[in-house]
Amino acid sequence: MDSMPGYDVHFTSSEEMSELAEESVQTIVTSPPYYQEKNYGSHETNLENRESYEEYKEGLKSVLEECFRVLKPDGKLCLNLMDPYTTVDNHDRFQRLPLTQEMTLFLEELGIDYMETVRWCKKRFGNSGTVFGSYPHPTNLYFAGSYENLLIFRKWVSEEYYSKRELPDKEVKEASKVTKEEWREWTDPTWQFDGVDTNDDHPAKFPYELPYRCIRMFSFEGDTVLDPFCGSGTALKAAVDTGRKAVGYEVEEKYKDTIEEKLSQTTLPQHQ
């Protein structure tokens with residue numbers, strides 16, 4: 001574990017987050033490794049290195065079960081997922097797998113209620129003209145992968161909980177407010193901003209704006225934010241920048257220097 005003011009990083013699998021107590025995290029913002037898409041590293045517990053889609057899902061479910069355990073009542077889980085395309089070699093046919101639907105149903109069974117799907121549209125990565133399928137003829141024209149899903153969930157609580165819960169003091173509430181302009185833009189479930197310009201230090205970084213919005217929307221200053229697949233540390237950076245405590249898990253220790261460098265920066269461009 002590496003610990004610095006404002007954040008902790010555990011270089012171990014988040015399938016067992018024993019370092020965290022039950023109901024100790026207010027908000028979880030994460031993007032699991034893509035299925036058979038990127039080369040994150042060789043660690044055997046890396047989800048990308050699972051031999052089959054079923055094993056990938058079982059590993060992801062183990063992490064989500066731990067997320068349920070550590071999430072506070074009414075806590076929010078923001079899960080950035082993309083339904084993967086498969087290869088013929090691994091699945092006998094080329095198809096798109098309904099990962100977002102499967103994980104949504106699994107989380108509902110755990111007791112985490114589905115709230116919303118935000119469609120993050122990557123403006124700069126629209127339909128680039130790459131040809132798939134039967135172009136220019138029908139009937140197998142495939143859609144461009146110019147968006148990803150951001151699934152928002154809430155840990156279920158009874159209505160009685162809201163009458164008894166303790167809210168932060170007035171000073172913290174005021175410091176954590178969102179502006180009317182932010183509220184209007186962020187509650188529109190279509191988010192349009194660019195992806196990351198370069199992936200030289202990590203193969204699949206999400207832009208700072210994505211965790212920044214989630215953290216501002218679903219936590220108060222001083223709350224704990226968790227990213228169980230913290231990668232290059234972008235969500236941790238957004239949490240620290242906004243006065244939250246950050247906890248991350250990452251199985252590939254080779255990203256340690258990248259995380260520390262990012263967290264040491266005083267500012268970070270919006271879309272890095």
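1. In this predicted model, Ile 28 has Leu 77 of strand E4 as its bridge partner. The pairing to which these residues belong is parallel: strand E3 is joined to E4 (residues 71-81) by five bridges.

2. Strand E3 also pairs with strand E8 (residues 224-227), again in the parallel sense, here over two bridges. Within E8, Val 225 is the bridge partner of Thr 27.

3. As for solvent exposure, E3 spans residues 25-30, and six of its six residues are buried. In a regular strand, side chains alternate between the two faces of the sheet.

4. Helix H8 (residues 234-241) is likewise mostly covered, with six of its eight residues buried. These buried positions are Thr 234, Ala 235, Leu 236, Lys 237, Ala 238 and Ala 239; the list includes a lysine, Lys 237. The elements covering them include the strands E2 (7-10), E3, E8 and E9 (245-249), together with the helices H7 (209-218) and H9 (256-264).

5. The backbone just after H8 deserves a separate entry. Gly 243 takes a positive phi there, of about 80 degrees.

6. Is Glu 182, a residue of helix H6 (residues 180-186), buried or exposed? Glu 182 counts as buried because its relative accessibility is 18%, and the cut-off for that class is under 20%.

7. The surroundings of Glu 182 complete this note. Leaving aside residues up to four places away in sequence, Glu 182 touches Tyr 212 and Arg 216. With Arg 216, the side chain of Glu 182 forms a polar contact of 3.0 Å, side chain to side chain.

Methods: Residues are numbered from 1 along each chain as its sequence is written. This is a predicted model: local features need pLDDT of at least 70, side-chain atom pairs count only at pLDDT 80 or more; totals for chains, interfaces and linings use all residues. Side-chain values use heavy atoms; hydrogens and water are left out. Buried means under 20% relative accessible area, exposed over 50%, partly exposed in between (1.4 Å probe, protein chains only). Helices (H or I, at least four residues) and strands (E, at least two) are DSSP runs, numbered from the N terminus. Two strands pair if DSSP finds at least two bridges between them. Contact means heavy atoms within 4.5 Å. A polar contact is a pair of N or O atoms within 3.5 Å; within protein, one must be able to donate a hydrogen and the other to accept it, and residues adjacent in sequence count only if both atoms are side-chain atoms.
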